[in-house]
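Here is a friendly walk through a two-chain model, from strand pairing to the contact between chains. Keep the viewer open as you read.

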Amino acid sequence: MSNLQSAALPEQPVSPAGLRGKLPSLSGRYLWPLLGLFCLLAINLVLTPEFFHIEFNDGRFYGSLIDVLNRSAPVALLAIGMTLVIATGGIDLSVGATMAIAGAVCANLVVSGVDSVFVLLVAGLVAGLVAGAVNGGLVSILGIQPIVATLILMVAGRGIAQLINAGQIVTFQHAGFAFLGTGDFLGLPFPVVLVLIVFAAVQLLMRKTALGLFVESVGCNAGASHYLGINARAVKMLVYCIAGLCAALAGMISAADIQGSDANNAGLWLELDAILAVVIGGASLMGGRFSLVLSLVGVLVIQCLSTTIIMSGLPPKFNLLIKALVVIFVLLLQSPRFQAQMAALFKRVKKQPGRAA
Amino acid sequence: MKIIQRLATGLALTLCLAQSAAAITVGFSQVGSESGWRTSFSESVKAEAKRRGIELKFSDAQQKQENQIKAVRSFIAQGVDAIMIAPVVETGWKPVLREAKRARIPVVILDRNVDSKNPSLFVTRIASDFVEEGRRAADWLMQKTDGNCNILELQGTVGATAAIDRMKGFNEVIGKYPNAKIVRSQTGEFTRTKGKEVMEAMLKAEDGGKNICALWAHNDEMALGGIQAIKEAGLKPGKDILVVSVDGVPDYFKAMADGDANATVELNPHLGAPAFDVIQRYLDGDHNIDKLITTTGGLYTQATAAEEYAKRAAK
């Protein structure tokens, strides 16, 4: 089992030469999060086969798997931004609050009579950009620790959203804006399409320009990057702004989904789900190497789990415990030391009957 | 230092004089304004105080007990005639209640409970009877369906008193009907978003909801999310799947008027009037007051939804 991982881990038994090289180390990174996701799907196949039932109704796909994709859209957007922030060695706790602000801004604009979806989108995104710029400014210009800097907006942001909403849940009727959350495009829920667009855009920006390299470099060693001529401040500012924009989009999707803005609950604790997704995707919180694809796999693991729990019909008091157990399992799967120990255990088990004979 | 002390005494004296001249003063520590229901609750207390000419000192604790304790201490220091507390949590009230008792200021607890073994620390608690709300919702549903019903339940936050008691009351009633049962139950955490997400998944797990007769939600917000999920599953909420819940928020009345929802038990936010009644009785010397006064709102259906919505939305 350790063949694929061993290329990255010299202390492990050397694998057959044929499997070493560029490909194995890459697939080793992808193998474990994906394995976690497949384990979850396999459990579903046994427990609730209807989980995999997909129909094509009224021009859109309909089924639990589609729900998983649709429900994971807000966290997926947060995770895309969070991946970049974490890659620079930072963290953004304020994305949930930013979601609430963007939702509140849009909901209030709709209520006050703004009809153009374009204006609503721009207003929401500007709110997110401002939030991101505040975080970025605190971290890159003032040099405040990211966890503290973004904690400020995490607390204050929800207050700002409550102020915008005047403490109420603001509901609205607007077919165009609701499309963001409930519409469908090419048979897929529109939030999923939005995630794909944002993912493609950010992935191109990171991997087809030098920006991705800059981000990883700043995350590995900001000081060294600075002396190499990389503007570490600008890079940090940029990733927080992207995180803010992604959070705003996520906030607009959630508000559009329920056609209302609930400042107290919109995006509540979702920042933690986003961080968890990035971690399940194998990124280090110390910064450096990142993979947007793996973060999205992490998001799917989390959402698949939530849907599985609901479908399984277990009493809700077990929800959090099960979630924690699965997360531990997935993280253990990825831990090189755990893999080595399991490999050693398997070897011993295999050897012992041989000796007895 | 001395000057400040003198000034303070002088100020306190003037305040006392001013107060004795006016009617009674009541301090009210409210949890915050986290929901529409909470806001109506605060508004009802304020309006009732104004109507009766009571001077109300209102303090919004923003969901923090420490703010509430601070507020109560400042009420005691100001020498109010009575204190009302709508506690955010049950525990940790003993010291500050004792301080109020020592200052001989009667305390009335509103809505949520306080965890106190010593009933002499407060005059009474005025609250909704959550169990009764569950019973009323179930009674309505059983009458409507003649006791034949497969029910999906959206629970409130795990461990919340409102969720536990509403479930208890509801189950108590449907227990008498052998053909009624809750087929699936999950928490929607009292929010619209979660209600929608959970309902969506439950419907899929139940074969698209073909054999489901009703949705029972522990509050209106979750029910409203559930209604959207039912619509998106291609069914008609209010017809194919009956919707019954608790709270009576304006949006839900609108849903009932539109035919998307069927019934709700109102969670009575008008706790102001009974609270001031009790305080008046206590200050007039009647100390023989029940430790729990329950208020349960009526059940509203589609029949009166449109006019109720007009009444509530106007506010």
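Two strands count as paired if DSSP finds at least two bridges between them. With that in hand, please bear in mind that this is a predicted model.

**Two sheets in chain B**

Let us begin with strand β10 (residues 263-266) of chain B, which pairs with β12(B) in the antiparallel sense over three bridges. Within this pairing, T301(B) of β12(B) lies opposite A263(B). Both strands belong to an open sheet of six strands in chain B, ordered β7-β6-β8-β9-β10-β12, and its pairing is mixed. Because β7 (180-187) and β12 (299-301) of chain B have a single partner strand each, they stand at the edges, and one side of each is left without a neighbour in the sheet. On average, neighbouring strands here are turned by 20° against each other, direction ignored.

Chain B has another open sheet of six strands, with the order β2-β1-β3-β4-β5-β11 and parallel pairing. Its edge strands, β2 (55-60) and β11 (292-295) of chain B, each pair on one side only. From one strand to the next, the twist averages 20°.

Which strands does β1(B) pair with in the parallel sense? One of them is β3 (residues 82-85) of chain B, which pairs with β1 (residues 25-30) of chain B over four bridges. Strand β2(B) also runs parallel to β1(B), and six bridges join the two. The table lists some residues of β1(B) with their partners.

| Residue in β1(B) | Partner residue | Partner strand |
|---|---|---|
| T25(B) | E55(B) | β2(B) |
| V26(B) | A82(B) | β3(B) |
| G27(B) | I83(B) | β3(B) |

Is β1(B) mostly covered or mostly open? Strand β1(B) is mostly covered, with six of its six residues buried. T25(B), G27(B) and S29(B) point one way from the strand, while V26(B), F28(B) and Q30(B) point the other way; all are buried.

**Chain B as a whole**

Stepping back, chain B holds eleven helices and twelve strands. Its C-alpha trace spans about 80 × 40 × 35 Å along its principal axes. The domain assignment gives domain 1 (2-122) and domain 2 (130-268 + 301-314) of chain B. The centres of domain 1 and domain 2 of chain B, taken over C-alpha atoms, are separated by 36 Å.

How many of the 315 residues of chain B count as buried? The share is 47%. If you are thinking in terms of contact maps, take the contacts in chain B with a separation of 6 or more: 74% of them are between residues 24 or more positions apart.

**A helix pair in chain A**

Over in chain A, helix α4 (residues 73-87) packs with helix α9 (residues 190-207) at an angle of about 10°, and the axes lie 9 Å apart. Angles under 35 degrees count as roughly parallel, and α4(A) and α9(A) are therefore roughly parallel to each other. From α4(A), the residues A73(A), A76(A), L77(A) and I80(A) take part. They meet P191(A), V192(A), L194(A), V195(A), V198(A), F199(A) and V202(A) of α9(A). By class, this contact has eleven nonpolar residues, no polar residues and no charged residues.

**Where the chains meet**

Helix α3(A) is also mostly covered, as six of its eight residues are buried. The buried residues in α3(A) are S64(A), D67(A), V68(A), L69(A), N70(A) and R71(A). What do the buried residues of α3(A) pack against? In chain A they pack against β2 (60-63), α4, β5 (188-189), α9 and α14, and in chain B against α7 (192-205).

The contact between the chains takes 25 residues from chain A and 25 residues from chain B. On the side of chain A that touches chain B, at least two residues each come from α3 (64-71), β3 (169-171), α12 (232-258), β6 (260-262) and α14 (292-312) of chain A. That side of chain A divides into five nonpolar, 14 polar and six charged residues.

Notes:
Residues are numbered from 1 along each chain as its sequence is written. Chains are lettered from A and ligands numbered from 1 in the order in which they are written. This is a predicted model: local features need pLDDT of at least 70, side-chain atom pairs count only at pLDDT 80 or more; totals for chains, interfaces and linings use all residues. Axes are lines fitted to C-alpha atoms, for helices over the stretch in contact, and angles run from 0 to 180 degrees between N-to-C directions. Domain bounds come from an automatic or database domain assignment. Two residues are in contact if their C-beta atoms, placed from the backbone, lie within 7 Å. Ala, Val, Leu, Ile, Met, Phe, Trp, Tyr, Cys and Pro count as nonpolar, Asp, Glu, Lys and Arg as charged, and the others, Gly among them, as polar. Angles under 35 degrees count as roughly parallel, over 145 as roughly antiparallel, 65 to 115 as roughly perpendicular and the rest as oblique. A residue is buried if 20 or more other C-beta atoms lie within 10 Å of its own, exposed if 12 or fewer, and partly exposed in between; C-beta atoms are placed from the backbone.
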